[in-house]
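User: Please look at the model below with me, and let us go through some of its local features by question and answer.
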Amino acid sequence: MKSPTVVELKAGELATGTFLVVSKDIRPKKGSGDPYLSLVLADRSGDIDAKMWDNVEKVMDTFERDDFVRVKGMPQVFQNRMQFTVHTLQRLAESDVELGDFFPASQRNADEMMAELGGVIASIGNPHLRGLLEAVFADPEVSRKYKRAPAAKTIHHAWLGGLVEHVLSLCALCRKVGPHYPAVDMDLLLTGAILHDIGKIDELTYERSFGYSDEGQLVGHILIGLRLVAEKLRAFPEFPPKLRVLVEHLIASHHGTLEFGSPKPPLCAEAMLLHHLDNLDSKMEAMRGALARDTRIEGNWTSYVSSLDRTVLKKEQYLNPKAPARAAEQPPEPKSGRSNSPFGDALQKALTK
């Protein structure tokens with residue numbers, strides 16, 4: 001993998017590296033009104049806020065979001081978080097980079113995960129449900145996208161292969177918890193687990209930085225998933241109509257409430273269990289990810305995690321406190337360069353003689 005990665009950047013050490021531009025904003029400086037760049041730079045290891053204060057006019061129109069750039073600058077600590085102050089920036093062509101270095105991906109092999117998913121499908125005893133699932137994944141385009149898609153843009157399993165990894169985790173939870181409740185139909189529960197987020201293969205875009213497709217913005221993954229299942233069911237005229245309604249209900253209700261995007265709340269045991277296990281798996285991964293991505297230098301708590309609506313305790317640091325050397329706080333705008341007054345310019349000129 002390329003070096004340095006985002007996680008290898010060290011405060012106070014000049015660095016030169018290549019990154020993907022996840023976010024780009026041109027903003028005015030306070031006082032002077034001159035433009036500066038506010039960026040989020042990323043690679044496979046994570047992302048970092050970046051600011052470019054000087055010579056911005058020369059580069060601000062040479063690149064856009066989702067471009068690759070080579071930057072030189074100084075990582076530093078600002079408000080207890082790592083921030084990259086960019087001194088120089090150059091856009092790179094896609095042919096100049098190794099794409100695998102820039103996109104977060106599951107640590108598991110995608111083909112192995114799809115094979116494991118095939119095993120789960122083969123274990124389903126109900127021939128109608130198993131036949132539907134086999135037909136869905138016999139579609140090479142669906143299978144290709146399902147293997148590659150993230151489970152979310154940012155909240156949980158937000159990496160290539162994240163969708164199938166999340167689904168396999170959810171299937172494992174279903175197999176452990178489902179038998180505790182004898183009334184639960186395991187075949188139906190597992191079918192819901194496999195299909196509940198299938199609409200994300202077209203809701204999200206994931207060729208560069210993760211985002212939403214136009215269809216995803218307008219319709220959303222629940223309706224996209226219901227439509228996909230309906231298309232596949234056309235080949236199964238003997239599929240029991242009431243069983244079809246239950247499959248559709250599991251997909252439609254898995255977010256739990258209207259507030260969180262479900263057109264219906266869970267109204268049967270399998271739907272209720274699927275919702276809570278799906279929520280559990282996503283929340284636990286969001287908590288793990290918040291700790292892994294934490295960029296706060298000091299303290300026992302992460303910064304605020306919007307998906308969890310809270311900060312997260314850094315448990316290991318809390319139980320085993322250390323005394324890291326405190327990095328100097330850096331102001332958002334460097335003191336060098338042009339000031340906002342003639343007196344300041346004259347004073348700076350005198351001091352640098």
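User: Is leucine 223 buried, partly exposed or exposed?
Analyst: Leucine 223 lies in helix α9 (residues 221–233), helices being DSSP runs of H or I with at least four residues, numbered from the N terminus. Buried means under 20% relative accessible area and exposed over 50%, with partly exposed in between (1.4 Å probe, protein chains only). Because its relative accessibility is 47%, leucine 223 counts as partly exposed.

User: On what basis should such values be read?
Analyst: This is a predicted model, in which local features need pLDDT of at least 70 and side-chain atom pairs count only at pLDDT 80 or more, while totals for chains, interfaces and linings use all residues. Residues are numbered from 1 along each chain as its sequence is written, and side-chain values use heavy atoms, leaving out hydrogens and water.

User: Which residues does isoleucine 26 touch, not counting those up to four places away in sequence?
Analyst: Isoleucine 26 is found in strand β1 (residues 15–28), a strand being a DSSP run of E with at least two residues. At 43% relative accessibility, isoleucine 26 counts as partly exposed. With contact meaning heavy atoms within 4.5 Å, the residues touched by isoleucine 26 are Pro35, Tyr36, Leu37 and Met60.

User: In what order do the five strands close into a barrel?
Analyst: Two strands pair if DSSP finds at least two bridges between them, and β1 pairs with strand β4 (residues 68–78) in the antiparallel sense over six bridges. Phenylalanine 19 stands opposite valine 69 in β4. The pairing in the barrel is mixed, and its five strands close in the order β1-β2-β3-β5-β4.
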